[in-house]
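Me: I am new to this structure and would like a close look at one part of it. Could you start with the salt bridges, and then show me where the strands come in?

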Amino acid sequence: MFGDVVGVRAGKISKSFGEADHYMVISSQPIIIGNMPKEDNYKSYEKVAFLGQALVKVRGKVEAGDYVVASGHGDGIAIAISPEEMKPFDYKRIIGVSWESDSEAKEFGYSLINTAIGLNNNDVVGE
C-alpha cells in the first residue's frame with residue numbers, strides 16, 4: 001500500500017526486513033519508473049520512490065526537517081528523529097526528510113507525512 005516503508009535487500013522488497021541494504025517507501029505516483037515488468041507479472045512488483053516527494057506512514061510526532069527513518073519493527077511504518085537526536089545506527093535507516101509537521105503523537109496509528117526522498121545523501125559528510 002502506498003506510504004508503506006519497505007526494506008530493499010538484493011533488489012527484493014519486504015516490510016519484514018529487520019536489516020536491509022536500503023529503506024524506501026511504496027509510492028502511489030512515482031516520478032520515475034525503471035524497467036516495467038511484463039503485464040502478466042504486475043502483481044509481483046510495487047512502485048518504490050527513489051527520488052522526489054512521497055507520503056510516508058509515520059508514527060508519533062513529526063517536525064519539518066526531521067529525519068524519517070524505518071521504525072525497525074518490520075511493520076511498514078517510520079518514525080521521525082530530529083537531526084540533533086540522530087545516532088550513528090539511525091543513518092542507515094533514513095528514508096528521507098520530513099517536509100511537514102504533525103504535532104499529534106499517534107501511539108498506535110500513523111500520519112501520512114510528505115517526505116523528501118533521496119535528497120539527503122550528503123547528511124553524514126562533515127563540513
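Reply: Happy to! A good place to begin is with D4, K15 and K57, which are linked in a network of salt bridges. Please keep in mind that this is a predicted model. Its pLDDT averages 84 over the protein, and 87% of the residues score at least 70.

How many salt bridges does a search of the whole structure find? The count is five. Besides the network of D4, K15 and K57, there are pairs to look at one by one.

Let us take R59 and D75, whose side chains meet in a salt bridge with an N to O distance of 3.0 Å. This pair links distant parts of the chain: R59 lies in strand 5, while D75 sits in the loop between strand 6 and strand 7, 16 residues away. Are these two buried or exposed? Neither word quite fits. R59 has a relative accessibility of 22%, so it counts as partly exposed. D75, at 27%, also counts as partly exposed.

Stay with R59 for a moment, since it takes us into the strands. R59 stands opposite I79 in strand 7. That fits the wider pairing of strand 5 (residues 52–59) with strand 7 (residues 78–81), which is parallel and runs over two bridges. Strand 7 also pairs with strand 6 (residues 67–70), this time in the antiparallel sense and over four bridges. Within that second pairing, V68 stands opposite A80 in strand 7. Strand 7 is also where confidence in the protein is highest, at a mean of 96, whereas the lowest is in strand 4, at 86.

Another salt bridge joins K61 and E63, with their closest N and O atoms 3.9 Å apart. E63 has 35% relative accessibility and therefore counts as partly exposed.

For a contrast, look at R93 and D90. Their side chains meet in a salt bridge at 2.6 Å, N to O, and both residues are buried.

Now that the salt bridges are in view, let us turn to the other strands. Four of them form an open sheet in the order 2-1-3-4, with antiparallel pairing. Which strands stand at the edges? They are strand 2 (12–14) and strand 4, each with a single partner strand, so one side of each is left without a neighbour in the sheet.

You can follow this sheet strand by strand. Three bridges join strand 2 to strand 1, and the two run antiparallel; here G7 has S14 in strand 2 as its bridge partner. Strand 1 (residues 5–9) is in turn joined to strand 3 by four bridges, again antiparallel, and V5 stands opposite V25 in strand 3. Strand 3 then pairs with strand 4 (residues 48–49) over two antiparallel bridges. V25 appears here as well, with A49 as its bridge partner in strand 4. That places V25 opposite V5 and opposite A49.

Why is strand 3 largely enclosed by the rest of the structure? Four of its five residues (22–26) are buried, so the strand has little left in the open. As a help when you turn the model, side chains in a regular strand alternate between the two faces of the sheet.

How values were computed:
Residues numbered from 1 in each chain as written. Predicted model: local features only at pLDDT ≥ 70, side-chain atom pairs only at ≥ 80, totals over all residues. Heavy atoms only, no water. Buried < 20%, exposed > 50% of the residue type's maximum accessible area, 1.4 Å probe, protein only. Pairing = 2+ DSSP bridges. pLDDT = per-residue confidence, 0-100. Salt bridge = Lys/Arg side-chain N within 4 Å of Asp/Glu carboxyl O.
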